[in-house]
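Here are my notes for you, written as numbered points. Keep the model open while you read and look for each part as it comes up.

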Amino acid sequence: MARQRPEPMQVVKQRRDAALNAIVDGVPYIRFLNIAFDRRGDELTGVLNFDEKLIGNPLLPALHGGVTAAFLEVTAVITLSWEYFLPSIESGELDADAIVKDESIRFPKTVDFTVDYLRSGLPRDAYARAFVSRSGRRYASVRVEAWQDNHARPYAQASGHFLMPQPKAKGS
């Protein structure tokens, strides 16, 4: 019996990018904050593109604390969703259209989220990376770090707990 030939890597990359864009573009608040994600393999880095509307204290100037918290939480949820959906995306079972249109697809829900502000966020682009500490069938724990010019000097960090999506019951 002949083994199936693997798909070309370019096709897999296109499917990954389309699925990631569908996950991100499906949330209007992410578009409002102008957050993008850079994917390298299975690792995601959130990018908060600077805009004057993100300034909370114009005298310093510094990024608004709520923007920083939202950026960290969005990075955590998108990274957790990405890791949750990646096997289905890789196999071709789930595509970008399904993510956008299929109402049975659910995303992780925040249970609690704690932010530590380590220094003022400067008026420039910011980056964040989430690390999934534990992800089970019902619960996940995630840690997030945000930095601007130097990855070794984060300006904020957070930890959160999330309720993982459960399959939608038939008839609901």
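1. Is Tyr-84 buried, partly exposed or exposed? With a relative accessibility of 37%, Tyr-84 counts as partly exposed. The cut-offs are these: buried is under 20% relative accessible area, exposed is over 50%, and partly exposed is in between, using a 1.4 Å probe and protein chains only.

2. A word on what you're looking at: this is a predicted model, where local features need pLDDT of at least 70 and side-chain atom pairs count only at pLDDT 80 or more, while totals for chains, interfaces and linings use all residues. Residues are numbered from 1 along each chain as its sequence is written, and side-chain values use heavy atoms, with hydrogens and water left out.

3. Back to Tyr-84, which makes an edge-to-face aromatic pair with Phe-85, at 5.1 Å centre to centre and 70 degrees between the planes. To pair, rings of Phe, Tyr and Trp (its six-membered ring) need centres within 6.5 Å; planes under 30 degrees apart are stacked, over 60 edge-to-face, and the rest tilted. Phe-85 is buried, at 6% relative accessible area. Together with Phe-107, Tyr-84 and Phe-85 form one aromatic cluster. Searching the whole structure gives five aromatic pairs.

4. Now follow helix α3, residues 65-91. Helices (H or I, at least four residues) and strands (E, at least two) are DSSP runs, numbered from the N terminus. The expected span is 1.5 Å times one less than the number of residues, so the 27 residues of α3 should span 39 Å, and its end C-alpha atoms are indeed 39 Å apart. There is a kink of about 50 degrees at Phe-85, shortly before Pro-87; the bend is the angle between axes fitted to the seven residues ending there and the seven starting there. After α3 comes Gly-92, with a positive phi near 85 degrees.

5. Next, the sheet. Six strands form an open sheet in the order β1-β2-β6-β7-β8-β5, with antiparallel pairing; two strands pair if DSSP finds at least two bridges between them. At the edges are β1 and β5 (109-117), each pairing on one side only. From one strand to the next, the twist averages 25 degrees. Axes here are lines fitted to C-alpha atoms, for helices over the stretch in contact, and angles run from 0 to 180 degrees between N-to-C directions.

6. Zoom in on β2 (residues 43-48): five of its six residues are buried, so this strand is largely enclosed by the rest of the structure. Six bridges join β2 to β1 (residues 35-40), and one partnership is Arg-40 with Glu-43. The hairpin of β1 and β2 has two residues between the strands, and Gly-41 there takes a positive phi near 65 degrees. Three bridges join β2 to β6 (residues 126-135), where Val-47 stands opposite Tyr-127.

7. Don't skip β7 (residues 139-147) and β8 (residues 156-163), which are joined by eight bridges and run antiparallel. Val-144 has Ala-158 in β8 as its bridge partner.

8. Which helices meet the sheet? Helix α1 (residues 9-25) packs on it, touching β1 and β2, and makes about 155 degrees with the direction of β1. Contact means heavy atoms within 4.5 Å. Helix α3 lies across β1, β2, β5, β6, β7 and β8, running at about 50 degrees to β6.
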